[in-house]
Amino acid sequence: MLTEHLHAHTWRCHHATGTEREYVEEAIKKGLKRFGFSDHSPYVFEGDYYSTFRMRPDQLEDYVKTVLDLKDEYKNDIELHVGLEAEYYPRFFEGFLRLIEPYPIEYLLLGQHFLHNEMDMKVHSTMTTNDESLLSLLVDQTSEGLQTGKFACVAHPDLMNFTGADDVYEKHMRRLCENARTAGVPLEINLLGIRSHRAYPRERFWKLVGEVGNDVVLGGDAHAACDVVDNASEAIAMGWVEKYHLNWHPATWALNKKRL
């Protein structure tokens, strides 16, 4: 059983349940030594648009305070960290960085759920597609995000359900792996995808990761306290680590790669 995870959400994202305290107490009960919250980040958009799956900017202060208060309260029981999961939206990224700059955010996970951004091009990366241009765009945008030096890890890098030719998939996803390795940013095997039987993580991607030699961590992607520890999904993920000789690291190893 693993003893640490850095990928967990809170009720502020509108699709997670339970309190932060419940997550922390479950983590302690199940023997975790280190645990990080990385809720879906607030973002600064234009006009009246706002996401329905992320916290709002006016919730950021309470989010950080809640985690830091728990960090102090449970300091003798577990090591807590505060981060965010964020997309790289070139048009809005500088505004996002200015928004979070006053807060002691320890790390950012790069979770690229949309291409371009939610206002300009609402193409969700979990869509099923055989369009090579969309896969190429996902790799381009993720790679550009890596080059900012702001992200500690790529969450669910194989999120897009590409159903086109295998050689096309391998060409672009190998490029993603190579760019992540050059940037020194680890890739996350996402346990939510395993336990929910989603199209990701996909084994063929992690075979490529082994060939390229990327660093790898596991992310619980907990949206409820019961998902803080997921032994069955961890076992599957660690099976891939062994099968494809992946360079696995404990989750908090990624904190040494943080760019904030």
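A residue is taken as buried when its relative accessible area is under 20%. In this predicted model, six of the eight residues of helix 3 (residues 93–100) meet that criterion, and the helix is therefore largely enclosed by the rest of the structure. The buried positions of helix 3 are Phe93, Gly95, Phe96, Leu97, Leu99 and Ile100. Their cover includes helix 2, strand 3 (79–86) and strand 4 (107–110).

Helix 2 (residues 60–73) also packs against helix 1 (residues 20–29), at an angle of about 35 degrees and with the two axes 10 Å apart. The crossing of helix 1 and helix 2 is right-handed. At this contact, Glu20, Arg21 and Val24 of helix 1 meet Thr66, Leu70 and Glu73 of helix 2.

Aromatic contacts were examined next. A pair of aromatic rings is described by the distance of the centres and the angle of the planes. The search of the whole structure returned 15 aromatic pairs. In one of these, the ring centres of Tyr43 and Phe45 lie 5.6 Å apart and the planes meet at 20 degrees, so this pair is stacked. Phe45 also pairs with Tyr50, with the centres 5.7 Å apart and the planes at 70 degrees, which makes this arrangement edge-to-face. Tyr43 and Phe45 are both buried; the relative accessibility of Phe45 is 11%. Tyr50 is likewise classed as buried, because its relative accessible area is 15%. These three residues belong to one aromatic cluster, formed by Tyr43, Phe45, Tyr49, Tyr50, Tyr88, Tyr89, Phe92, Phe93, Phe96 and Phe151. Two of the cluster members, Phe93 and Phe96, are among the buried residues of helix 3.

Charged side chains were also found over aromatic rings. Arg56 is placed over the face of Tyr50, 4.6 Å from the ring centre. A second arrangement of this kind involves Arg204, which lies over the face of Tyr169 at 3.8 Å from the ring centre.

Two serine residues illustrate buried positions in a helix and in a loop. Ser143 is part of helix 4 (residues 132–147) and is buried, because its relative accessibility is 5%. When neighbours within four places in sequence are left aside, Ser143 is in contact with Leu176 and Asn179. Ser125, by contrast, occupies the loop between strand 6 (123–124) and strand 7 (128–129). Its relative accessible area is 0%, and Ser125 is therefore buried. Not counting residues up to four places away in sequence, Ser125 touches Gln112, His113, Phe114, Leu138, Leu159, Met160 and Asn161. Of these, Leu138 falls within the residue range of helix 4. The C-alpha atom of Ser125 is separated by 27 Å from that of Pro250, which is 125 residues away along the chain.

No disulfide was found in a search of the whole structure. The criterion for such a bond is a pair of cysteine sulfur atoms within 2.5 Å. For Cys153, the closest cysteine sulfur is that of Cys177, at 13 Å, and a bond is excluded because this distance is too great. For Cys226, the closest cysteine sulfur belongs to Cys13 and lies 14 Å away, so this separation is also too far for a bond. The surroundings of the two residues can be set side by side: Cys153 is buried, at 3% relative accessibility, whereas Cys226 is exposed, at 56%.

Backbone geometry was considered last. Most residues other than glycine have a negative phi, and most peptide bonds are trans. The peptide bond from Tyr200 to Pro201 is cis, with omega near -10 degrees. Pro201 is located in the loop between helix 6 (191–195) and helix 7 (203–212). Positive phi values occur at two histidines. Phi of His14 is near 75 degrees, and this residue is placed in the loop between strand 1 (4–5) and helix 1. His14 counts as exposed because its relative accessibility is 53%. For His245, phi is near 55 degrees, and the residue is found in the loop between helix 8 (231–243) and strand 12 (247–248). His245 is also exposed, with a relative accessibility of 66%.

Definitions and conventions. Residues are numbered from 1 along each chain as its sequence is written. This is a predicted model: local features need pLDDT of at least 70, side-chain atom pairs count only at pLDDT 80 or more; totals for chains, interfaces and linings use all residues. Side-chain values use heavy atoms; hydrogens and water are left out. Buried means under 20% relative accessible area, exposed over 50%, partly exposed in between (1.4 Å probe, protein chains only). Rings of Phe, Tyr and Trp (its six-membered ring) pair if their centres lie within 6.5 Å; planes under 30 degrees apart count as stacked, over 60 as edge-to-face and the rest as tilted. A charge sits over a ring if NZ of Lys or CZ of Arg is within 6 Å of the ring centre and within 35 degrees of the ring normal. Axes are lines fitted to C-alpha atoms, for helices over the stretch in contact, and angles run from 0 to 180 degrees between N-to-C directions. Helices (H or I, at least four residues) and strands (E, at least two) are DSSP runs, numbered from the N terminus. A crossing is left-handed if the near helix is turned anticlockwise from the far one by less than a right angle, and right-handed if clockwise. Contact means heavy atoms within 4.5 Å.
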